[in-house]
Amino acid sequence: MRHTGGGQARTALVGGDAQHSQTAAAGASGLGMDLIQLAGLAAAASSAASATAYAVDAVVKEALLFFAIMPPETGLEALGRHCATPGATQEVFKVFGQRAHADARAAGEACALAHQLVANESRGGRAGGVGLTGGSIMAAALAAGRVGTHADRAAATAREGAQLCMGILENAVQVSASPLARETAKRCAEQALHSIEAASVAEQHSR
């Protein structure tokens, strides 16, 4: 009877260990899926930041062309005194482009780090048979968070530049700019609208 009881106890222990292992494996699998989703979201946000930066480039190109076409006496400083776009200068728009690309690059670097951490954890989990570590999960989450932050900053830059571009179109009308200048201002405003659309996508992915 003692022998039978011992066998039942061992069977219960083995069964308990197996159940615990299955639960742990399910938890690790769930964490792995969360990390994969996190990496996917980071990639989407990074791509949106890059698209926003290129949209800002198009705005800057048209704005600089407009400035070049306008005669000196109605340059940006004069336009700034006439309407609600004070401080809108060629250098300001160049800075917009630089800022947007700097944030897009930073988002790409943070995204690459997040993917590397996820890949390392996935390989380590399969090879070593151990669960994902809390420190690595946190590091990947922080990297993904930085992607969102930089995407949001790129979007803010796009919106700021777009606002000034709308002012340029208004200015061109107010100062009776040449047909070429007005057409360039119109294209600048159109590119500004496109950049706002790109900014909206980046903001969606940054949250």
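When I say that two residues touch, or are in contact, I mean that they have heavy atoms within 4.5 Å of each other. Please keep that in mind for the next few minutes. The model on the screen is a predicted one.

I will start with the whole chain. There are 5 helices and 0 strands, so the pattern along the sequence reads α-α-α-α-α. The chain has 207 residues, and 37% of them are buried. About 11,400 Å² of the chain is exposed, with carbon and sulfur atoms supplying 59% of that area.

Now the contacts. Take those in the chain with a separation of 6 or more: 85% of them are between residues 24 or more positions apart.

Next, the interior. In soluble globular proteins, nonpolar side chains tend to be buried together. In this chain the largest nonpolar core has 28 residues, and the members that touch the most other members are Phe66, Phe93 and Ile168. Four helices each supply at least two residues of this core: α1, which covers 2-69, α3, which covers 90-128, α4, and α5, which covers 179-205. The largest share, 8 residues, comes from α1. There is also a second, separate core of 9 residues, and among them are Ala42, Ala107, Ala110 and Val147.

I will finish with two residues in helix α4, which spans residues 134-174.

The first is Thr157, which is found in that helix. Is Thr157 buried or exposed? Its relative accessibility is 2%, and buried means under 20%, so Thr157 counts as buried. Which residues does Thr157 contact, leaving aside its neighbours within four places in sequence? They are Phe96, Arg99 and Ala100.

The second is Met166, also found in helix α4. Met166 has a relative accessibility of 32%. Buried stops under 20% and exposed starts over 50%, so Met166 counts as partly exposed. Not counting residues up to four places away in sequence, Met166 touches Ala189, Ala192 and Leu193. One distance to note is the one from Met166 to Lys186: from C-alpha to C-alpha they are 8.7 Å apart in space, and in sequence they are 20 residues apart.

To put the two side by side: Thr157 is buried at 2%, whereas Met166 is partly exposed at 32%. Thr157 has Phe96, Arg99 and Ala100 as its contacts beyond four places in sequence, and Met166 has Ala189, Ala192 and Leu193.

Key
Residues numbered from 1 in each chain as written. Predicted model: local features only at pLDDT ≥ 70, side-chain atom pairs only at ≥ 80, totals over all residues. Heavy atoms only, no water. Buried < 20%, exposed > 50% of the residue type's maximum accessible area, 1.4 Å probe, protein only. Areas by Shrake-Rupley, 256 points an atom, 1.4 Å probe, with all protein chains shown as cover. Core = buried A, V, L, I, M, F, W, Y, C linked by side-chain atoms within 4.5 Å.
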